[in-house]
Amino acid sequence: MAMSTVRSAFLRNALRGGSRTSVLPKRRFSSSAHHDDAYESAKWEKITYLGIATCTILTIYNLSKGHPHYEKPPPYPYLHVRNKEFPWGPNGLFETEHH
């Protein structure tokens, strides 16, 4: 049985073209673009740091500018008008009485 297997392997090898070794072709999927990946990664890292610096500078500039302070509006009497009593009493739930 073993002899017939060796004979058939020998016969197949002879019919294929002798004792030629089969060399597998190199697989070239996306692995050949390693230098492009490193370049893109470095580019986006620089863009990120530039964006962080720009946003920080703009934030500091906007927060350091002055902003207007308005006077308090006068206490208009019509702002606290209540036509119906609340169930918890004449004042609001969290308000104190005005003296």
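Is Lys 43 buried, partly exposed or exposed? I will come to that residue after a short overview.

What you have in front of you is a predicted model. The protein has 99 residues, and 2% of them count as buried. Its secondary structure consists of two helices and zero strands. The surface that the protein exposes comes to about 10,500 Å², and 64% of that is supplied by carbon and sulfur atoms.

Now to the charged pair. The structure holds one salt bridge. Its partners are Glu 40 and Lys 43, and their closest N and O atoms are 3.4 Å apart. Both residues belong to helix 2, which covers residues 34–64. Along that helix they are three residues apart, about one turn.

Back to the opening question. Lys 43 is partly exposed, because its relative accessible area is 30%, and partly exposed covers the range between under 20% and over 50%. Glu 40 is also partly exposed, with a relative accessible area of 34%.

The next item is on the surface. Which residues make the nonpolar patch? They are Tyr 76, Tyr 78, Leu 79 and Val 81, and the patch measures about 450 Å². Take Tyr 78 from that group. Where does Tyr 78 lie? It is found in the segment after helix 2. Tyr 78 has a relative accessible area of 55%, so it counts as exposed, the cut-off being over 50%.

To recap, look for the salt bridge between Glu 40 and Lys 43, then for the nonpolar patch that includes Tyr 78.

Technical notes
Residues are numbered from 1 along each chain as its sequence is written. This is a predicted model: local features need pLDDT of at least 70, side-chain atom pairs count only at pLDDT 80 or more; totals for chains, interfaces and linings use all residues. Side-chain values use heavy atoms; hydrogens and water are left out. Helices (H or I, at least four residues) and strands (E, at least two) are DSSP runs, numbered from the N terminus. Buried means under 20% relative accessible area, exposed over 50%, partly exposed in between (1.4 Å probe, protein chains only). Accessible areas come from the Shrake-Rupley method with a 1.4 Å probe; for residues, only the protein chains shown count as cover. A salt bridge is a side-chain nitrogen of Lys or Arg within 4 Å of a carboxyl oxygen of Asp or Glu. Patches are made of residues with over 30% relative accessible area and no salt bridge: like charges are joined within 9 Å, nonpolar side chains (Val, Leu, Ile, Met, Phe, Trp, Tyr) within 5 Å.
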